[in-house]
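This report accompanies the sequence and three-dimensional structure shown below. Please consult both while reading.

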Amino acid sequence: MSPTFLLGTLPTPIGTMLLVFDEDAALRALDWSDHEERMRRLLRLHYGTAFSLRDAAVPPAIHDPLTAYFTGDLGAIDRLPVRHNGTAFQREVWAALRDIPAGTTLSYGALAQRLGRDKAVRAVGLANGANPVGLVVPCHRVIGANDSLTGYGGGLHRKQWLLAHEGATLGGRQGRLDLG
């Protein structure tokens, strides 16, 4: 039997968020409405074509922590349960992403070192890009080795906003990014 996931939306200061979750209120995917096709592609990558989406209201267990995050409780998203399919390596990278505290950034190389895989920088980058639950699995906190705001599936303007919202540290310096 193919899984049925629920799809809800949440308005945020940086656009409408699409939330895919299961009956247990665990997030399966998260993206922005202007990147819906990317989200659906990641869902197909992780679940194949044998799943369906049904519109539903976002449950308070998801809605409330995300709303709290956007109003300043940066740790609220740390408590959100996520479930995702992926390779063992991808899941290892995604778990490490959740260990990067709000307000800090890490380069792809530093993340690879944390995993004990110094030479796997490209693989870490690819796993980061295949993350279906951005924001909650905070891939936006990974930056280039030269402190550049390298790719983000939701757009660099959102990455910049999220890092500024969190009071991001760049290159070991506390640096307040401009919210633009």
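The sections that follow cover confidence, the sheet, its helices and the internal cavity.

## Model and confidence

The structure is a predicted model. The protein chain has a mean pLDDT of 89, and 93% of its residues reach 70 or more. Over residues 172-180, however, the pLDDT is below 50. In the model this stretch has 24 contacts beyond near neighbours in sequence.

## The four-stranded sheet

Four strands form an open sheet with mixed pairing, in the order β3-β2-β1-β4. The edges are occupied by β3 (27-32) and β4, each of which has a single partner strand, so one side of each is left without a neighbour in the sheet. From one strand to the next, the twist averages 30°.

Strand β1 (residues 4-12) takes part in both an antiparallel and a parallel pairing. With strand β2 (residues 15-21), β1 pairs in the antiparallel sense over seven bridges, and a hairpin of two residues connects β1 to β2. With strand β4 (residues 52-55), β1 runs parallel and is joined by four bridges. Individual positions illustrate this register. L7 stands opposite V20 in β2 and also opposite D55 in β4, while T9 stands opposite L18 in β2.

## Helices on the sheet

Which strands does helix α1 touch? Helix α1 (residues 36-47) packs on the sheet with contacts to β1, β2, β3 and β4. The direction of α1 makes about 155° with that of β3.

Helix α2 (residues 60-70) lies across β1, β2 and β3. Relative to β2, helix α2 runs at about 145°. Strands β1, β2 and β3 are thus named for α2 as well as for α1, whereas β4 is listed among the strands touched by α1.

## The internal cavity

The structure holds one cavity of 30 Å³ or more. The volume of the largest cavity is about 80 Å³. Its lining consists of L30, D31, W32, R38, N131, G134, C139, Y152, G153 and G154.

Which strand gives the most to this lining? It is β3, with three residues. By class, the lining of the largest cavity comprises four nonpolar, four polar and two charged residues. The edge strand β3 therefore links two parts of this description: β3 has a single partner strand in the sheet, and β3 gives the most to the lining of the largest cavity.

Key. Residues are numbered from 1 along each chain as its sequence is written. This is a predicted model: local features need pLDDT of at least 70, side-chain atom pairs count only at pLDDT 80 or more; totals for chains, interfaces and linings use all residues. Side-chain values use heavy atoms; hydrogens and water are left out. Two strands pair if DSSP finds at least two bridges between them. Axes are lines fitted to C-alpha atoms, for helices over the stretch in contact, and angles run from 0 to 180 degrees between N-to-C directions. Contact means heavy atoms within 4.5 Å. pLDDT is the predictor's confidence in each residue, from 0 to 100. On a 1 Å grid over the protein atoms alone, a cavity is a set of points where a 1.4 Å probe fits but cannot get out, and a pocket is an open set with protein on both sides within 12 Å along at least five of seven lines; lining residues have an atom within 4 Å of a point. Grid points are joined across faces, edges and corners, and a volume is the space filled by probe spheres set on the points. Ala, Val, Leu, Ile, Met, Phe, Trp, Tyr, Cys and Pro count as nonpolar, Asp, Glu, Lys and Arg as charged, and the others, Gly among them, as polar.
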